[in-house]
Amino acid sequence: MRVLVVEDDVALCAMIRRRLMEQGFVVDMVHDGVEAETLAQQGVHDVVVLDLGLPSRNGLSVLRTWRRAGLSIPTIILSARNSWQEKIEGIEAGADDYLGKPFAMAELVTRIKALLRRSYRHNQAPLATSSFTLDEGQQAVLWHDGRSVALTATEFRLLRCLMLSAGRIVTKEYLLDHIYDFDDEHEHDHNVIEVHILNLRKKIGHGMIVTKRHQGYLFQSEATPVVS
Ligand code: CA
């Protein structure tokens with residue numbers, strides 16, 4: 001899942017990015033309001049963490065522009081403007097959540113995960129299927145019989161993305177957008193998705209990720225038996 005962090009405090013921004021990356025998120029950073037406004041409209045991010053005091057354009061104005069344009073991207077305001085009146089103003093401008101500074105990184109991460117589940121209409125925490133649970137802390141698959149299978153960082157990002165999208169077809173383009181950032185050389189490489197899907201199937205079985213020819217992939221929480 002891909003997070004856009006809009007924060008002009010460069011050190012804080014880098015710290016948030018590092019923590020989110022440890023949690024298996026892909027993170028793009030931007031330090032300026034005008035740039036943030038444009039970047040989010042590309043539609044590749046799942047969540048925005050938005051500071052309010054920004055150069056060029058303040059966060060509230062950026063958020064109002066997105067909402068006026070019909071962009072419903074889940075947004076959590078992260079701001080030192082922390083009174084209840086300011087929180088009301090932020091939520092009325094279209095924020096989905098509001099966290100005051102100073103904040104605990106663990107709380108930010110938890111709120112981001114909750115926003116993601118809500119935006120994917122996924123009421124399940126942790127993410128699970130009929131036969132395994134995705135352990136987001138360990139980035140591993142925990143089978144209901146007690147076995148644990150480790151995932152690589154990319155496999156974890158891919159599987160979480162597929163599980164959150166369970167029951168609907170996702171294209172390779174969509175998966176690339178949500179598991180790589182703008183700087184990654186693989187950003188447009190469809191073959192790399194195929195390779196990771198192949199590796200994931202070796203770990204979780206072949207029935208759960210169904211290939212839809214010319215369309216993409218469909219994750220099924222209940223695996224259908226593969227007929228050989
Ligand atoms: Ca600021």
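This passage describes the calcium site, the salt bridges, the enclosed spaces and two buried regions of a predicted model.

The calcium ion is held in the model by three protein donors, namely the OD atoms of Asp8 and Asp51 and the O atom of Gly53, which lie 2.2 to 2.4 Å from the ion. Read along the chain, these donors follow the spacing D-x42-D-x1-G. The two aspartates link distant parts of the chain, since Asp8 belongs to the loop between β1 (2-6) and α1 (10-22), while Asp51 belongs to the loop between β3 (47-50) and α3 (59-68), 43 residues apart. Their surroundings can be described in terms of accessibility: Asp8 is partly exposed, with a relative accessible area of 33%, whereas Asp51, at 4%, counts as buried.

A search of the whole structure for salt bridges returns 15 of them. One of these joins Glu136 to Arg160, with an N to O distance of 2.9 Å. Glu136 is situated in the loop between β6 (132-135) and β7 (140-143) and Arg160 in helix α6 (residues 153-164), so that the pair ties together parts of the chain that are 24 residues apart in sequence. Both Glu136 and Arg160 are buried. Helix α6 also takes part in the salt bridge between Lys203 and Glu155, for which the closest N and O atoms are 2.7 Å apart. Because Lys203 lies in helix α8 (residues 190-204) and Glu155 in helix α6, this pair ties together parts that are 48 residues apart in sequence. The two partners differ in burial class, Lys203 being partly exposed at 26% relative accessibility and Glu155 buried at 4%.

A further salt bridge is formed by Arg81 and Glu89, whose closest N and O atoms are 3.3 Å apart. Arg81 is partly exposed, with a relative accessible area of 30%, and Glu89 likewise counts as partly exposed, at 32%. This pair belongs to a network of salt bridges in which Arg64, Arg81, Glu86 and Glu89 are linked.

The search for enclosed space finds one cavity of 30 Å³ or more in the whole structure, and the volume of the largest cavity is about 60 Å³. Its lining consists of Phe25, Lys113, Leu116, Arg117, Leu127, Glu136, Arg160 and Leu164, and thus includes both partners of the Glu136 and Arg160 salt bridge described above. By class, this lining divides into four nonpolar and four charged residues, with no polar residue. Helices α5 (105-119) and α6 each supply at least two of the lining residues, and α5 gives the most, with three.

Open space was examined in the form of pockets, and the largest pocket encloses about 280 Å³. It is lined by 17 residues, of which His45, Asp46, Pro74, Ser119 and Tyr120 lie nearest its centre. The lining of this pocket comprises eight nonpolar, six polar and three charged residues.

Two buried regions complete the description. Leu151, in the loop between β8 (148-150) and α6, is buried, with a relative accessible area of 11%. When neighbours within four places in sequence are left aside, the contacts of Leu151 are with Leu134, Gln139, Ala140, Val141, Phe156, Leu159, Leu200 and Lys203. Among these partners, Leu200 is 49 residues from Leu151 in sequence, yet the C-alpha atoms of the two residues are 8.2 Å apart in space. Lys203, another of the contacts of Leu151, is also the residue that forms the salt bridge with Glu155.

The second region is helix α7 (residues 172-179), which is largely enclosed by the rest of the structure, because six of its eight residues are buried. These buried residues are Tyr174, Leu175, Leu176, Asp177, His178 and Ile179. The elements against which the buried residues of α7 pack are the strands β1, β2 (26-30), β9 (169-170) and β11 (216-219), together with the helices α6 and α8. Helices α6 and α8 therefore recur in the packing of α7 and in the salt bridge between Glu155 and Lys203.

Notes. Residues are numbered from 1 along each chain as its sequence is written. This is a predicted model: local features need pLDDT of at least 70, side-chain atom pairs count only at pLDDT 80 or more; totals for chains, interfaces and linings use all residues. Side-chain values use heavy atoms; hydrogens and water are left out. Donors are N, O and S atoms within 2.8 Å of the metal (3.2 Å for Na, K and Ca); water is not among the atoms, so sites may look incomplete. Helices (H or I, at least four residues) and strands (E, at least two) are DSSP runs, numbered from the N terminus. Buried means under 20% relative accessible area, exposed over 50%, partly exposed in between (1.4 Å probe, protein chains only). On a 1 Å grid over the protein atoms alone, a cavity is a set of points where a 1.4 Å probe fits but cannot get out, and a pocket is an open set with protein on both sides within 12 Å along at least five of seven lines; lining residues have an atom within 4 Å of a point. Grid points are joined across faces, edges and corners, and a volume is the space filled by probe spheres set on the points. Ala, Val, Leu, Ile, Met, Phe, Trp, Tyr, Cys and Pro count as nonpolar, Asp, Glu, Lys and Arg as charged, and the others, Gly among them, as polar. A salt bridge is a side-chain nitrogen of Lys or Arg within 4 Å of a carboxyl oxygen of Asp or Glu. Contact means heavy atoms within 4.5 Å.
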